[in-house]
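Please open the model in your viewer and keep the selection panel at hand. We will go from one selection to the next, with a note on what is there at each stop.

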Amino acid sequence: MTGPLSGVATVFRRELATVVRTPGYGVLAAGLLLVVVGLLAAGGGGATGFVPAVVDLLLPTEVLVPLVAVVLGYRALLSDAESGELAVIRTYPVRVGEYVVGVLLARTVALVAVVGVPYALVGGVVWLTAAPDTGIFATHTGVDSPVLFVRFLALVLLLGAAYVSLAAAVSALAASRRSAIALGVLALVAGVLGGDLALLRSLAAGASPTTIPEALALTPNGAFRGLVFEHVIGVAFAPEGEFVATGRAVAALVVWSLLGAVVSGAALAYGRRVDAVIEEIRSGFGG
Amino acid sequence: MARFDPYADPSLAVRLALAGLLLVAAAATAGAFAADPEAAAPSPVAYDDVVELGLSSETDALMAGSARVPRTEVFYSQLQYVVGYNGVESFVATVGDGRTERQFGYPITVYVETFDDARPGTTETGLFRSERLGEWTPAEEAVYVVGSEARSPAGETVVPFRERDAAEAFVADHGGRAVDWEVVRSRSFDTDSAAAVRGTAPDRWTAADERIAAAERRADRPVSVVVSEDAPTVEAAVAAAPANTTVVVPPGTYEETLTVNESVTVAGEDARIRGDGNGSVITVRAPDVALTGLSIDGSGGQTRDPEAAREGRDGGDGTWDTNIQLGYGHGDAGIRAIGAPGLVVDDVTIEANASGLLLREGSHAVARDLRVNGTDEWRDGFMGITGMQSRVTVTDSVFEGGRDGIYLHRADGSVVRNSTFADNRYGAHLMYTGDALIADNAFRNELFGGVTVMTRPSGNAIVGNDVRNSSAGIQASGTRTYVGYNTLVGNELGFSTSSRGSLYERNVVAGNDEGARATTVVPSSRVVANDFVGNADHAGAGAGALRIWADGDRGNYWEGANVGTHEPGERAYRPTSPVDAALHREVAAVAVRESPAVALLDRLRGTVPGARSGSIIDPAPAAAPYSPDRLAAALDPDAGPVGADWRAELNGDTGTTTMDTRDRNATGGSIDPGARPAGPTTAPPTGGVADA
């Protein structure tokens, strides 16, 4: 293999090796599984079907998945830069873009494993155990179906991918591990709360409610929530209206992922020059 | 385990496996979004296995004859149970009713029973009948006959057919016209609801007043014979007395048993009639007999007649409940009335060895100031009043000990009021008895329960009773039951919501082990404006979908629900959740309740109630008790039985209540007995994704 793909593939493999050698990620997946199972057990929704299970998981997922994604991504690009390995890699014929894409792909695969496996396991448990309270009456599943949980899982991973990419961008911008943590937390809070707060603020400032379906789709969490309402939970209701503009919401999640990648690439490519500029400005102030 | 080497080129097998996995994942995801989860229409199930709503299938009119109610099977999007509606119109009444959609989701598939080959027709009384069961046909494919002469026990009924020809043939015989599903589902039907039952409760009280007044007039007859003076025994006096006169029984004890075969009044003056321990003491076999001012004891102790029951089984008239009729209706009693309508029992005391007053075969009776002292051990005795196919009107009476205070079997329209029950098995026990009123009674120390309605009758009103220290306060099954204004204190269970399409409101439920229990698998009743205070558990739920106990934005009062840092009524209360259930007992539960974990889980809980199970939610718990005075009296150990002025309250609002009387599965548009009509609901049109 030659060309850009070979560069991406090499970086991808190297990054995957890094991920696999980090035992913490395994612990993370186990922890996530524990939390998700605990939520279902406490909420009770998993006892009767997939839709109530998703209802129980939806809000906690909005916090948990971004958190895991940020943990997976906040040092993705920083550690190579810190250790000087990035400088070495740059001496090989690997372009910044290829490097970033390779790293991000590997981290996304890690996300699929760390988030996808626990959620899929929980879905499997619901599939095996969900049953009506009593068997003395005829029962049916209504609209409830494993298909809905697969949809939910796909949306969860899409949300996670956006956050991995954004966290990677943070890691590319950060100058040190400590600042990466700080920036990562900031990104997490901004993502989980910020978008909705901004939406609230704009509504309070007089924005028309008709803009909600489109405005909601702009933030990763809003898009995710809207999509889950629209395609998973909303199926249980008579079809009317829409919770979110589906195309726009999916596009938003994809765009956030791409945006993270672009910012990462730009930061790695031009970061040093920016640093130099900043350094100049700082010395100009009397350093 | 194979070593993971990311740098080695993977073998072809691994590559193929990876590519395959990716393909499968991609296809599954794409398929998941492309597939329509509601596409597969479930097949009809055996009607015996559905959860029934709508008309009762066990009213006397249906049980006794060949009449049928066309049935409907509905598969709802959220509900795991198949719902069967008796009467197409029962289901139609729920279409577009936001409440049903909120609870169960929307109907995915509807089947109706079609009667093309079932030889449909009408009974002599105009009820719909068919010789055979119908077949299941998808609702939108069927043709419906509306406005025909065929009726259900509740009113107009729609008769579905698979083929238009069959429908037209039915129209030719029985009138009406054949229409499509779209027409039927947009029609409204004039049928009754539990709110309508509430509206009639004061009327039933008034009707009882009239019956009592008429009984008084009946009993007031000129004296013709005086026992001892004109005749040696009471029996001889009764035999000698002309119809419509009074036999006076002077003070004393008369050791005899007698049969009254003439319409006379037997008026005792502190007189005691003592039987010989065999059979009944007084047997009445004539209409309009009055028995007043008597004490009766010495009846036989046979509670049932196994011989009669056996004969009935073997060669009787084959009525569906012959066994019970004969078994329960043929024991010994202080007073036994057989085919004796218009019986008046006034100021009578009975020491009962079996039944006190036994009525059968249409012995409609009025009992006032009747005191029945039953056996100490309920197994030894029988009922204070046994009413078989006899409508009773009981007021100001006392029933102590024995099996059941009052047992009614096919006694539609009975009224039991202002009476006191203590130490029975059941206080008032109704079987196959509808349209009755059980009001303003006091029940104490009932071994099994205060008021119990078994089987599935329709339209009973249980109002203003006070039940304490009993196994259960009120357990009423059936349909369209109104359970309101009762005070239930210190029982093991306050009340159960066993009756469907019913209304449970304005009850004060205090100091019980369990305040209320949701029992029906599919919720169809309204539980609203009740006060729950000081119960170990305010409420519990059996198997079935999540119950929403509120009417629009009006919930119940739950002690503890508003503890904490939120505005009263702002936060949904779940009496079945371990945290909420502890709020009125342990303040620290507040801190748990405010935790993010609980908040995140609680937030959307009411979203798909039909798909959840085993719990109760009140989305709008009240800030203050609805009946503070009665509550205070209930909690005061020195106060006597608590009465509610329900007749004034229910009468006062008949003009202002916006009842939706066509919706008999729920209980009406607004069930607020005050003047406030239902405001526009704040729930989003999607059915409540926002918040329960």
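The tour below starts with the chains and then moves to helix pairs, the core, the interface and two single residues.

**Before you click**

This is a predicted model, in which local features need pLDDT of at least 70, side-chain atom pairs count only at pLDDT 80 or more, and totals for chains, interfaces and linings use all residues. Residues are numbered from 1 along each chain as its sequence is written, while chains are lettered from A and ligands numbered from 1 in the order in which they are written.

**Stop 1: chain A**

Select chain A and color it by secondary structure. You should find 11 helices and 0 strands; helices (H or I, at least four residues) and strands (E, at least two) are DSSP runs, numbered from the N terminus. Its C-alpha atoms fill a box of roughly 80 × 50 × 35 Å, taken along the principal axes.

Of the 287 residues in chain A, 50% count as buried. A residue is called buried if 20 or more other C-beta atoms lie within 10 Å of its own, exposed if 12 or fewer, and partly exposed in between, with C-beta atoms placed from the backbone. Among contacts in chain A with a separation of 6 or more, 80% come from residues 24 or more positions apart. Two residues are in contact if their C-beta atoms, placed from the backbone, lie within 7 Å.

**Stop 2: helices H2 and H6 of chain A**

Now select residues 23-43 (H2) and 96-129 (H6) of chain A, which pack at an angle of about 30° with their axes 9 Å apart. Axes are lines fitted to C-alpha atoms, for helices over the stretch in contact, and angles run from 0 to 180 degrees between N-to-C directions. H2(A) and H6(A) are therefore roughly parallel to each other. Angles under 35 degrees count as roughly parallel, over 145 as roughly antiparallel, 65 to 115 as roughly perpendicular and the rest as oblique.

H2(A) passes H6(A) in a right-handed crossing. A crossing is left-handed if the near helix is turned anticlockwise from the far one by less than a right angle, and right-handed if clockwise. Show side chains at the contact: A:Leu28, A:Leu32 and A:Val36 are among those from H2(A), and A:Ala110, A:Val114 and A:Pro118 are among those from H6(A). The residues of this contact divide into 17 nonpolar, no polar and no charged. Ala, Val, Leu, Ile, Met, Phe, Trp, Tyr, Cys and Pro count as nonpolar, Asp, Glu, Lys and Arg as charged, and the others, Gly among them, as polar.

**Stop 3: helices H10 and H11 of chain A**

Next, take residues 220-233 (H10) and 246-284 (H11) of chain A, whose axes come within 9 Å and cross at roughly 140°. H10(A) and H11(A) are therefore oblique to each other, and H10(A) passes H11(A) in a left-handed crossing. Look for A:Phe224 and A:Leu227, among the residues of H10(A) that meet H11(A), and for A:Leu253 and A:Trp256, among their partners. By class, this contact has 8 nonpolar, 2 polar and 1 charged residues.

**Stop 4: the core**

Which residues have the most contacts inside the largest nonpolar core? Select A:Val54, B:Val83, B:Val247 and B:Ile335, in a core of 272 residues. A nonpolar core is a set of buried Ala, Val, Leu, Ile, Met, Phe, Trp, Tyr and Cys residues joined through C-beta atoms within 7 Å. Helix H7 (residues 146-173) of chain A gives the most to this core, with 23 residues.

Zoom in on A:Val54. Not counting residues up to four places away in sequence, A:Val54 touches A:Leu148, A:Phe149, A:Phe152, A:Val228, A:Val232 and A:Ile233.

**Stop 5: chain B and the interface**

Select chain B, which has 15 helices and 48 strands. Buried residues make up 58% of its 692 residues.

Where the chains meet, 45 residues of chain B are in contact with 46 residues of chain A. On the chain B side, H1(B) gives the most, with 4 residues. That side divides into 29 nonpolar, 11 polar and 5 charged residues.

**Stop 6: two single residues**

Is B:Pro107 buried or exposed? B:Pro107 is buried, with 20 other C-beta atoms within 10 Å. You will find B:Pro107 in strand S4 (residues 107-114) of chain B, and B:Pro107 touches B:Val74, B:Phe75 and B:Tyr76, not counting residues up to four places away in sequence.

Finish at A:Glu85, in helix H5 (residues 85-90) of chain A. A:Glu85 counts as exposed, with 12 C-beta neighbours inside 10 Å. For a last distance check, the C-alpha atoms of A:Glu85 and A:Phe137 are separated by 66 Å.
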